[in-house]
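User: Hey, got a minute to walk me through a structure? I'd like to hear about helix packing and charged pairs.

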Amino acid sequence: MLQLTINGQPQHFDKPLNVQQLLECMSLQNKRIAVERNGEIVPRSQFAVQALSDGDRLEIVVAVGGG
Amino acid sequence: MDDFIIAGKRYASRLLVGTGKYKDFNETRTAIEASGARIITIAIRRTNIGQNPNEPNLLDVLPPSQYTLLPNTAGCYSADEAIRTLRLARELLDGHSLVKLEVLGDPRTLFPNVVETIKAAEILIRENFQVMVYTSDDPIIAKQLEEIGCVAIMPLASLIGSGMGILNPWNLQIIIDNARIPVLVDAGVGTASDATIAMELGCDGVLMNTAIANAQNPILMASAMRKAVEAGREAYLAGRMAKKPYSASPSSPTEGILPAMIK
């Protein structure tokens, strides 16, 4: 059981995941996104390496139109 | 046109535009093409979770290979939020370091919080970001932002999205006269003549979003703004004639004028 907070919303997963696997679960793999984990940037090269821990807080962002 | 250089890189247009408030991505792209802008601002926001995974992405419409994307921190009210946003932006854009820093102080007026702005700029510059900074039209703050290492100072001409034009040309003039780095008017331009006035004052460029996006015809306004910025720059370089209050001077020869008919 893995409990994460993703973009402020609580999410439950029933197996251990790394960042890459999480993005696949969310259909966000290969999208133009950036990830922050507990306040630290997760470089793309680390997605498949960083295992997520219970209680992790993640932010997943995209570019949108803005001034 | 003469060279417009930001952080050592030359750009073909002195007009910078935002990508917000357009009807759809197609209008965004067409307006930006009409504006001739080479540097365009984008915002960084949380992605939708579990909603439409095939939603089009702004970066597919405006690819970083064609434009210099300037991630901004619009909507941030503290140095911490702004720094976090730009670290994510740098990761998103593969190490791109040119950014627009904007730290707001008040949701009603969107007036910048210059204390938090300076705090954020210092940290970002230490982290090797190249910071173009949105600020008030206070010449002392503008000078401080230059001294700590920002690459461009971007004072407001009036409130963000207000379209009220250049409200204090005198302060802008002081900032321009004092600066050794580019000064761009950011915020407040409402129509083409506002952009021209900013450029005639000696601004190095103008950044705008709402004046184009909220025009009745955004594409035509984008084209007007392109010309307005070019016209203002050329007029500035040409050097305007001196104003001569109360002393008219005819443009045609005063010799050889036909005399009045004698009756």
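Analyst: Sure, here is a chat about one helix pair and some salt bridges. This is a predicted model, where local features need pLDDT of at least 70, side-chain atom pairs count only at pLDDT 80 or more, and totals for chains, interfaces and linings use all residues. Residues are numbered from 1 along each chain as its sequence is written, chains are lettered from A and ligands numbered from 1 in the order in which they are written, and side-chain values use heavy atoms, leaving out hydrogens and water.

User: At what angle do H7(B) and H9(B) pack?

Analyst: About 25 degrees, with the axes of helix H7 (residues 192-201) of chain B and helix H9 (residues 218-238) of chain B 7 Å apart. Helices here are DSSP runs of H or I with at least four residues, numbered from the N terminus. H7(B) and H9(B) are therefore roughly parallel, a label for angles under 35 degrees.

User: Which residues make the contact?

Analyst: Contact means heavy atoms within 4.5 Å. From H7(B) they include B:Ala195 and B:Met199, and from H9(B) they include B:Ala228, B:Val229 and B:Gly232. The contact residues split into 10 nonpolar, 2 polar and 2 charged; Ala, Val, Leu, Ile, Met, Phe, Trp, Tyr, Cys and Pro count as nonpolar, Asp, Glu, Lys and Arg as charged, and the others, Gly among them, as polar.

User: Switching topic: how many salt bridges over all chains?

Analyst: There are 16 over all chains, each being a side-chain nitrogen of Lys or Arg within 4 Å of a carboxyl oxygen of Asp or Glu.

User: Where do B:Arg29 and B:Glu33 lie?

Analyst: Both are in helix H1 (residues 25-35) of chain B, 4 residues apart, or about one turn. They form a salt bridge, with the closest N and O atoms 3.5 Å apart. B:Arg29 is partly exposed at 30% relative accessibility, and B:Glu33 is partly exposed at 44%. Buried means under 20% relative accessible area, exposed over 50%, and partly exposed in between, using a 1.4 Å probe and protein chains only.

User: And B:Glu102 with B:Lys100, buried or exposed?

Analyst: Both B:Glu102 and B:Lys100 are buried. Their salt bridge has its closest N and O atoms 3.1 Å apart.

User: What about B:Lys119 and B:Glu116?

Analyst: Their side chains meet in a salt bridge at 2.8 Å, N to O. They are 3 residues apart in helix H4 (residues 114-126) of chain B, about one helical turn. B:Lys119 is partly exposed at 42%, while B:Glu116 counts as buried at 15%.

Terms used
Axes fitted to C-alpha atoms, helices over the stretch in contact; angles between N-to-C directions. Helix = DSSP H or I, 4+ residues; strand = E, 2+ residues; numbered from the N terminus. Parallel < 35°, antiparallel > 145°, perpendicular 65-115°, else oblique.
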